[in-house]
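Me: Please choose one part of the model below and go through it closely, then set it against the rest of the chain. I would like one connected account rather than a list.

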Amino acid sequence: MAEEIERIKCLIIGSGPAGYTAAIYAARANMEPVLYQGMQPGGQLTTTNEVENFPGYPEGISGPEMMVELEAQAKRFDADIRNGWVTKVDFSGDVHKVWVDETKEIHTDTVIIATGASAKYLGLESEQHYLKIGGGVSACAVCDGFFYRGQETVIVGAGDSACEEAHYLSKLCKKVTMLVRRDEFRASKIMEERVKSTENIEILFNTDTVEVLGDEHGVTGARVKNNKTGEERDIPCTGFFVAIGHKPNTDVFKPYIDMDETGYIKNVPGSSKTNVAGVFVSGDAADKNYRQAITAAGTGCMAALDAERYLAAKGH
Ligand code: NDP
């Protein structure tokens with residue numbers, strides 16, 4: 001039997017830096033926010049080792065630790081942090097309806113979407129192994145490139161992200177090998193030219209990854225195969241970067257919220273407003289460009305302030 005419907009003022013969906021920052025601001029503004037953490041409490045940062053570029057942590061902090069701290073900060077102001085996964089929404093009325101884990105129904109005046117995006121990976125067992133143990137697989141050069149300075153890295157992908165990240169790595173690493181699965185790039189010409197003209201980037205076309213190689217300490221190389229000739233070879237590297245795209249976690253909002261063709265939510269420029277009054281967006285769910293913890297936190301703050309103003313205008 002369905003539980004009783006819960007009526008609240010502010011629901012935050014997602015528990016990355018955007019969601020927790022929104023919770024801190026909303027709780028301090030007496031909006032009594034309820035935050036659902038989703039499948040991966042703490043979000044993408046929980047798969048990062050060390051965060052060294054978030055202002056305020058001069059010695060750096062591990063991704064999981066930072067998320068525990070953000071959660072504690074939100075709880076300090078009595079934000080109601082819960083486990084749960086939003087399975088359905090109905091944004092057709094003035095009061096927004098949200099279902100959690102199929103059963104629980106919540107009616108809320110405002111919704112802050114902070115569901116983030118997920119990096120795509122190749123799906124190889126060896127890749128997932130070293131990703132899990134934090135041993136040299138990463139989907140974010142800006143986050144993790146620094147740990148491989150002076151070393152050799154491999155990056156998979158041929159879009160703008162892969163080119164941008166390869167170029168970023170080339171400034172830190174001795175050598176970057178780029179694995180492109182077709183015989184051409186997908187990236188814009190200018191990005192393609194930039195990697196092609198960088199001396200320490202080697203581009204291997206028609207090349208697939210067979211396996212990520214390593215030992216108990218981490219990655220030591222990548223076994224690759226030319227998909228035209230069938231020839232296999234091992235490339236030594238300590239960092240294996242995957243830049244084959246991200247998928248925003250926005251499917252559940254599709255019938256109601258305007259998105260671009262890849263699922264990123266469209267916000268009203270300069271604000272966190274979506275096309276639905278009372279529904280706001282923050283973090284990577286609306287950002288395919290910057291994708292940083294600090295920008296996500298910034299837009300989480302914006303969403304809470306926008307939600308607060310919306311509630312005030314409604315007389316709450
Ligand atoms: P894209 O979808 O544009 O590119 C993904 C790349 O990964 C493609 O080259 C694709 O190959 C490759 N790929 C996908 N799956 C695999 C696989 N299993 N094995 C090997 N290679 C694979 O994603 P991006 O993240 O690069 O870009 C997303 C959007 O963001 C784009 O619109 C881009 O223009 C934009 N962007 C803009 C930037 C800028 O302007 N500064 C920076 C970053 C992103 P294939 O080509 O064969 O399909």
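The account starts with the surroundings of the ligand and then moves outward.

Reply: This is a predicted model, in which local features need pLDDT of at least 70 and side-chain atom pairs count only at pLDDT 80 or more, whereas totals for chains, interfaces and linings use all residues. Residues are numbered from 1 along each chain as its sequence is written, and side-chain values use heavy atoms, with hydrogens and water left out.

The ligand is surrounded by 14 residues, of which Asp160, Ser161, Arg181, Arg182 and Arg186 are the closest; a residue belongs to this shell if one of its heavy atoms lies within 4 Å of the ligand. By class the shell holds six charged, four polar and four nonpolar residues, where Asp, Glu, Lys and Arg count as charged, Ala, Val, Leu, Ile, Met, Phe, Trp, Tyr, Cys and Pro as nonpolar, and the others, Gly among them, as polar.

Three polar contacts can be described individually, a polar contact being a pair of N or O atoms within 3.5 Å (within protein, one must be able to donate a hydrogen and the other to accept it, and residues adjacent in sequence count only if both atoms are side-chain atoms). An N or O atom in the side chain of Asp160 is 2.6 Å from an oxygen atom of the ligand, while a backbone N or O atom of Gly159 lies 3.3 Å from a ligand oxygen atom. Glu164, by contrast, places a polar side-chain atom 3.0 Å from a nitrogen atom of the ligand. Taken alone, the ligand exposes 910 Å², and the protein buries 70% of that, with accessible areas from the Shrake-Rupley method and a 1.4 Å probe (for residues, only the protein chains shown count as cover).

Helix H5 (residues 160–170) gives the most to this shell, namely three residues; helices (H or I, at least four residues) and strands (E, at least two) are DSSP runs numbered from the N terminus. The same helix also has buried residues, which are Ala162, Cys163, Glu165, Ala166, Leu169 and Ser170, buried meaning under 20% relative accessible area, exposed over 50% and partly exposed in between (1.4 Å probe, protein chains only). Their cover includes helix H4 (141–144), helix H6 (189–196) and the strands E11 (152–156), E12 (175–179), E13 (201–204) and E17 (239–242), judged by contact, that is, heavy atoms within 4.5 Å.

Thr207, in strand E14 (residues 207–215), has Arg181 among its contacts beyond four places in sequence, together with Leu179, Val180, Val224, Lys225 and Asn227. Thr207 counts as buried because its relative accessibility is 7%, and its side chain reaches the backbone oxygen of Leu204 at 3.5 Å.

Elsewhere, the largest nonpolar core has 29 residues, among which Ile12, Tyr20, Ala74 and Ile112 touch the most other members; such a core is a set of buried Ala, Val, Leu, Ile, Met, Phe, Trp, Tyr and Cys residues joined through side-chain atoms within 4.5 Å. Strand E1 (6–13), helix H1 (17–28), helix H2 (63–76) and helix H7 (293–313) each supply at least two of its residues, the largest share, seven residues, coming from H7. A second, separate core of 21 residues includes Val34, Tyr36, Phe253 and Ala285.
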